[in-house]
Every structure is written in C-alpha cells, then in structure tokens.
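Reader: I'm new to this and keep tripping over the labels. Please take me through them with an example.

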Amino acid sequence: MSDTGLGVLRDFMLRRYEDLKRRLTLQLGNADLAGDALQDTWVRLEGGAETSGPVQYPLSYLMRMATNAALDRLRSESRFLSGTEVEQVFESLSDPAPGPAQTAEARSEAQRLAAVIEEMPPRRRRILILIRVDEMPRQEVARRLGVSVSLVDRELRRAHDHVVERMR
C-alpha cells in the first residue's frame with residue numbers, strides 16, 4: 001500500500017476508534033479482546049506489513065485486520081475458538097446492507113403496494129395517505145375533508161383491509 005493509503009487507514013482508525021471498538025466488541029463478545037486487537041492492528045499498520053495497495057473501504061479493511069489480530073491473539077493464548085465460533089465471527093463480518101436482490105424485491109413490493117393503493121376510491125386513498133404517510137391526526141383529516149371522525153375511521157379500516165387482502 002502506498003504511504004497515502006496507510007495514512008488513510010491510520011486517520012480512519014484514529015477518528016473512528018470508539019466505533020471500531022464497539023463493533024469489534026459486538027463481534028467478539030469481549031471488550032478487552034477488542035481493545036487488544038485494535039492495539040495489535042495499530043502496531044501492524046505502523047509496521048506497514050499488512051498493506052499492499054489502496055483501500056477502498058477502510059472500515060471493512062480495519063475490521064478484518066482487527067478480527068484477524070483477535071484470532072491470532074486467541075490462538076497465541078491457547079484460547080482456541082471452536083469452528084462454530086470462528087464461523088460466527090466471520091459471519092458477523094458480512095455487510096448488513098441489502099444486496100441487489102433484496103433491493104429489487106423491496107422496490108417490487110413498494111410498486112405493488114402503490115398499485116394496490118391506487119385501486120382504492122379517491123377519498124379512502126387520501127385518508128390512508130394523510131394518516132399513514134403524512135401522520136396527520138384523524139380529527140384533522142376529518143376537519144380537512146369535511147367528514148366525521150367515524151367516517152375517517154371506517155374508511156381507514158377499509159383501506160387497511162384492502163391492502164392486507166391485495167398484498168397476500
């Protein structure tokens with residue numbers, strides 16, 4: 001890694017140390033081990049031994065380095081993790097952001113919901129949107145539309161029933 005890339009990692013680690021420690025503690029289940037692993041990571045960065053090129057995702061890179069440091073430390077202390085524990089550590093490193101398939105599925109669901117809402121009579125649809133999207137109180141919706149609160153309640157219940165029925 002170039003000195004600039006190494007500098008980016010050092011700066012990132014200095015700025016986000018508490019966040020890195022919190023995340024690593026969650027993964028390892030041990031704050032002391034997380035702190036020691038981050039210390040080892042810093043030492044490795046200072047030695048420049050872990051770097052070979054630019055780092056696109058410093059958080060992921062540092063988390064991987066710290067996890068490896070923690071595993072090395074556990075091994076050296078003869079505190080071996082079971083295969084299952086090692087798998088759990090690596091599984092927790094996966095990116096929690098939705099993947100392309102999940103994003104596409106969510107978009108499809110949203111489009112389907114929008115189409116179901118469009119099927120409703122205009123007043124019912126408007127009541128649903130004012131209450132659930134705009135978070136307007138039922139009384140305010142009734143006043144704005146010039147109808148009773150009981151009618152708003154009835155239309156809202158019908159809107160919910162319609163959405164539940166059509167989204168199955």
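Author: Let's start with one term: a salt bridge is a side-chain nitrogen of Lys or Arg within 4 Å of a carboxyl oxygen of Asp or Glu. By this rule the count here comes to 15. Keep in mind that this is a predicted model, where local features need pLDDT of at least 70, side-chain atom pairs count only at pLDDT 80 or more, and totals for chains, interfaces and linings use all residues. Residues are numbered from 1 along each chain as its sequence is written, and side-chain values use heavy atoms, leaving out hydrogens and water.

Reader: Which residues are linked in a network of salt bridges?

Author: Arg-16, Asp-19, Arg-22 and Arg-23 are.

Reader: What makes Arg-73 and Asp-36 a salt bridge?

Author: Their closest N and O atoms are 3.8 Å apart, so the pair meets the distance rule. The two sit in distant parts of the chain, 37 residues apart, with Arg-73 in helix α4 and Asp-36 in helix α3. (Helices are DSSP runs of H or I, at least four residues, numbered from the N terminus.)

Reader: Why is Arg-73 called partly exposed?

Author: Buried means under 20% relative accessible area, exposed over 50%, and partly exposed in between (1.4 Å probe, protein chains only). Arg-73 has 21%, so it counts as partly exposed. Asp-36, at 33%, gets that label too.

Reader: Are the partners in the Arg-125 and Glu-118 bridge buried or exposed?

Author: There's one of each! Arg-125 is at 17%, so it is buried, while Glu-118 is at 54% and therefore exposed. Their closest N and O atoms are 3.8 Å apart.

Reader: How do you know that Arg-124 and Glu-155 are buried?

Author: Arg-124 has 17% relative accessibility, so it counts as buried. Glu-155 has 6%, so it is buried as well. The two form a salt bridge, with the closest N and O atoms 2.6 Å apart. This pair links helix α7 (residues 122–133), home of Arg-124, to helix α9 (residues 149–166), home of Glu-155, across 31 residues of chain.

Reader: What makes a group of residues a nonpolar core?

Author: They must be buried Ala, Val, Leu, Ile, Met, Phe, Trp, Tyr or Cys residues joined through side-chain atoms within 4.5 Å. The largest core has 21 residues, and those with the most contacts inside it include Met-13, Leu-20 and Leu-62. Helices α1 (3–15), α2 (17–28), α3 (31–47) and α4 (58–76) each supply at least two residues of this core. The largest share, seven residues, comes from α4. Apart from this core lies another, of 14 residues, among them Ile-127 and Leu-156.

Reader: Why are α2 and α3 called oblique to each other?

Author: They pack at an angle of about 130 degrees, with their axes 8 Å apart. Angles under 35 degrees count as roughly parallel, over 145 as roughly antiparallel, 65 to 115 as roughly perpendicular and the rest as oblique. The angle of these two helices falls in that last group, so they are oblique. Among the residues that meet are Leu-20 and Leu-24 in α2, and Ala-34 and Leu-38 in α3 (contact means heavy atoms within 4.5 Å).

Reader: Which residue has a positive phi although it is not a glycine?

Author: That's Glu-135, with a phi of about 55 degrees. Glu-135 is found in the loop between α7 and α8 (138–145). With a relative accessible area of 66%, Glu-135 is therefore exposed.

Terms used
Axes are lines fitted to C-alpha atoms, for helices over the stretch in contact, and angles run from 0 to 180 degrees between N-to-C directions.
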